[in-house]
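Here are a few exercises to work through with the model open in your viewer. Try each task before you read its solution.

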Amino acid sequence: MPADFQDEDEVEDFKPLTAQEASAWRSRFPQVSVWRIVAVQAVVGVVVAALAWLVTGRMAAGWSAGYGALSVVLPAALFARGVVRQRQGGAGAAMAGIFGWELVKLVLCIAMLAAAPKLVPDLSWLALLVGLIVVMKTYWVALLVRSNVQKPIDI
């Protein structure tokens, strides 16, 4: 027997939400705009690039960090556009679309990183990786912080 169904009481106690309960749940956990996350990533990328330039005193470090950030933001924006535009079909088509766009995002990111030595003069790989990692982690922070989510009172 699968581990998920060992406790039969949990499966039997399942009941769908009423319209009022669903509405209350939606108000407590509003949908996060994918475009807002991409915008936050872009802002963080600009800040990281500026800080890299200021800390090192080298414009090349700023450009490298900015390109690293762009290597995350540009594929994420393409992914967001592809997933948001895909509204037809069932759950299977939606999952296939997400996996397809995730593959496109990954390939574009790798292609941008491979092209970095030719596109960024006096490339600093360390600054590029810092920009890439900080912006990549911004996605998770944006999802966790979600300032407009109301926390449940009774825990």
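**Exercise 1.** Is D122 buried or exposed? Find its salt-bridge partner and place both residues along the chain.

Solution. A bit of housekeeping: this is a predicted model, where local features need pLDDT of at least 70 and side-chain atom pairs count only at pLDDT 80 or more, while totals for chains, interfaces and linings use all residues. Residues are numbered from 1 along each chain as its sequence is written, and side-chain values use heavy atoms, with hydrogens and water left out.

Step 1: get the cut-offs. Buried means under 20% relative accessible area, exposed over 50%, and partly exposed in between (1.4 Å probe, protein chains only).

Step 2: apply them. D122 has a relative accessible area of 54%, so it is exposed. R58, at 36%, is partly exposed.

Step 3: check the pair. A salt bridge puts a side-chain nitrogen of Lys or Arg within 4 Å of a carboxyl oxygen of Asp or Glu. The side chains of R58 and D122 qualify, at 3.3 Å from N to O. This pair ties together distant parts of the chain, 64 residues apart: R58 belongs to the loop between α3 and α4 (59-85), D122 to the loop between α5 and α6.

**Exercise 2.** How many salt bridges does the rule give? Track down the one inside α5.

Solution. Step 1: the count comes to two salt bridges.

Step 2: K105 and E102 make a salt bridge through their side chains, 3.6 Å from N to O. They sit three residues apart in helix α5, so about one helical turn separates them. In general, an α-helix has 3.6 residues a turn, so residues three or four places apart point the same way.

Step 3: both ends are partly exposed, K105 at 25% relative accessibility and E102 at 34%.

**Exercise 3.** Which residues does S124 touch beyond its sequence neighbours?

Solution. Step 1: locate S124 in the loop between α5 (91-119) and α6 (125-145). Its relative accessible area is 16%, so S124 is buried.

Step 2: call it a contact when heavy atoms lie within 4.5 Å. Skipping neighbours within four places in sequence, S124 contacts R58, A61 and S64.

**Exercise 4.** Describe helix α3 from end to end.

Solution. Step 1: helices here are DSSP runs (H or I, at least four residues), numbered from the N terminus, and strands would be E runs of at least two. Helix α3 covers residues 34-56, 23 in number, and spans 33 Å from first to last C-alpha, close to the 33 Å expected. That expectation is 1.5 Å times one less than the number of residues.

Step 2: look at the ends. S33 caps the N-terminal end, with a side-chain oxygen 3.2 Å from the backbone nitrogen of W35. After α3 comes G57, with a positive phi near 75°.

Step 3: sort the sides. I37, V38, Q41, G45, V48, A49 and A52 are buried. V43, also in α3, is exposed at 53% relative accessibility. V43, V47, L51, L54 and V55 form a nonpolar surface patch with about 520 Å² of accessible area together. Patch members have over 30% relative accessible area and no salt bridge; nonpolar side chains (Val, Leu, Ile, Met, Phe, Trp, Tyr) are joined within 5 Å, like charges within 9 Å. Areas come from the Shrake-Rupley method with a 1.4 Å probe, and for residues only the protein chains shown count as cover.

Technical notes. Polar contact = N/O pair within 3.5 Å; in protein donor to acceptor, adjacent residues only side chain to side chain.
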